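Please find below a colleague's note on one region of the structure. It is arranged as numbered points.

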Amino acid sequence: MEELVGLREGSSGHPVTLPELWGPCPRMRRGIRGRLEWLKQKLFQVGEDWYFLMALGVLMALISYTMSFIVGRVVGAHKWLYREIGEGHLLRYLSWTVYPMALVSFSSGFSQSITPFSGGSGIPELKTILSGVVLEDYLDVKNFGAKVVGLTCTLACGSTIFLGKVGPFVHLCVMIAAYLGRLRTKVIGESENKILQNQMLVAAAAVGVATVFAAPFSGVLFSIEVMSSHFTVWDYWRGFFAATCGAFMFRLLAVFNSEQETITSLFKTSFPVDVPFDLPEIFFFVALGAICGVMSCAYLFCQRTFLGFVKTNPVTSKLLATSKPLYSALAALVLASITYPPGVGRFLASRLSMREHLLTLFDNNSWALTTRNVSPPWPSEPDPQNLWFEWYHPRFTIFGTLAFFLLMKFWMLILATTIPMPAGYFMPIFIYGAAIGRLLGEALSVAFPEGILAGGVINPIMPGGYALAGAAAFSGAVTHTISTALLAFELTGQIVHALPVLMAVLAANAIAQSCQPSFYDGTIIVKKLPYLPRIRGRSLKSAGVTVEHFMNRAITALAKDMPLEEVAKVVTSTNTAQYPLVESAESQMLVGTVQRVQLINALQTESPPRALGHQRYFRDVLTGGCPMEPVTLHLSPETSLHQAHNLFELLNLQSLLVTSQGRVVGFVSWVELKKAISNVANPPAPK
């Protein structure tokens, strides 16, 4: 039954429904509706991006804080169980190992049962998406729930598994940004804008870092360095605004929960402001950067090699394919057994959380000088006032525990990266770099116990400053980023070591970027994701490479004077997404492109010839309505490899046609471009 309508008295003739006409207070309701429409127009005049980004930052801050709150309670329950279960070694060992094994198994099994895209960091796949490749269901909402639950279980394992939060949380932020973007498109009623969507995803990546570390500046720079090869400066404000909202809300929640008196940095330090370091120490900071660069190259090579081995080995590959929770439980058993405190774990500071690891490593005082004449006993329980005692054992010196920590965590971190569950890998390498810097700082404090003479004044060496520089340098070298220097300052709330930390990061990056791909690029290589690699090095041999040397000449073009029978044969014998259209088979002059789907529809609707012997040509189909798209961008055979690479990265292209004097002579896709870059980096042996 159709709804009755009527005309309001004195109206301009617009019909209204009878429920609206007879409803209570019609004038008041019309007034409220009009004011709401006016408010909506005024708000959207400011720009809907502001509200979208603010909602994204606040929402992710709430999720991050809630996750940290739950993880803290679960970790506290594990410590209570280990402490109260008794003095029997078997029960204590079982409580230490079974707890993380159960959490890791559930994290792997639950997340993988929901969607296979929830494992790992997520940043390599996001780099692939932002380069123009479509990964189905990777940003789906169901992936969000699986990743949240899995990541919470991973973090609840504590320092036993030694994994972090950054990478998966960046993935979570990007998923929420994609969902809010689709919601905004429906509300506003505008068409989907791919460029604006990518800009929002990069801003969401900045929110992911900012809501984990409360570091908006380094969050924006880190997202730009890691996620995108090219960045529009005009979009800077989006990242900073969203990251600032997220970081502010994240720290404000800690104040509301009485965890902090005011908004402060996460790892507050108290380095002297007057003379934090002497000028001769710059040399040692640069040397520390070089050491971190070499160590990062070794770590990246071993991690990529071992990850490839796990995926290709018959035993491990079958285990990962059929029973991921079992593999995760076995890996967790190995890691938990090694970190068991009464065993080897007493030499690894395993009773400290990852936060306490950093707080102790950033300590101003020299542990080696403190324990030179005094040998404090290893406490039965961690002392909250002297957590650095966990790094000392009567059987080992400070140097022994730090060196043993670096040796064991090197391969333990590599093993942990193979577990198929949501996990971040930035925080572990940040702590590992801090341990490298702490070891060098302690050695210098012993070599110069009174300090270094500079300008007639002797100032003591602070190993905590070297730990800060080592953390930024090693993590920056592994990820191929410079923003880790700024992250170190935002985490500690002090910028007194700005120059030496930045020099250490630059030295480490100079070595790492010239020898190994980054951690995320290495994962892309192992997973064989469709991603365009960088041209490493600007050597003379790459400058002379042009498109003519590596383009694909086997191209199938459709001519306007081609009979329809031949067009049908071409379509059925190939699976190309689009075909270049030329003026004639003889001239081969490029005039546009035709999409395969539209061409098939046009051929299916094409009417049969009216008379026998009447030949139909492709131009008749084009005239009949088959759309032809113009070619706005194409390459020349003389275009250099670097120019073609920049175009593909800047515009997120998949393929380009190559023309010479208007004639189509070939095409270049990712396959040809990646092969050319590989030949430049590793020239084939002469035949």
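The points that follow concern a sheet and a helix beside the sheet.

1. This is a predicted model, in which local features need pLDDT of at least 70, side-chain atom pairs count only at pLDDT 80 or more, and totals for chains, interfaces and linings use all residues. Residues are numbered from 1 along each chain as its sequence is written, and side-chain values use heavy atoms, without hydrogens and water.

2. An open sheet of 3 strands has the order S5-S6-S7, and its pairing is mixed. Strands (E, at least two residues) and helices (H or I, at least four) are DSSP runs numbered from the N terminus; two strands pair if DSSP finds at least two bridges between them. Strand S5 (558-559) and strand S7 (590-595) are the edge strands, each pairing on one side only.

3. Strand S6 (residues 578-582) runs antiparallel to S7, to which 5 bridges join it. Tyr579 has Val594 in S7 as its bridge partner, and Leu581 stands opposite Gly592 in S7.

4. The pairing of S5 with S6 is parallel, over 2 bridges. Here Leu558 has Leu581 in S6 as its bridge partner.

5. Because 4 of the 5 residues of S6 are buried, this strand is largely enclosed by the rest of the structure. Buried means under 20% relative accessible area (1.4 Å probe, protein chains only).

6. Helix H25 (residues 596-605) packs on the sheet and touches S5, S6 and S7, where contact means heavy atoms within 4.5 Å.

Conventions
Axes are lines fitted to C-alpha atoms, for helices over the stretch in contact, and angles run from 0 to 180 degrees between N-to-C directions. Buried means under 20% relative accessible area, exposed over 50%, partly exposed in between (1.4 Å probe, protein chains only).
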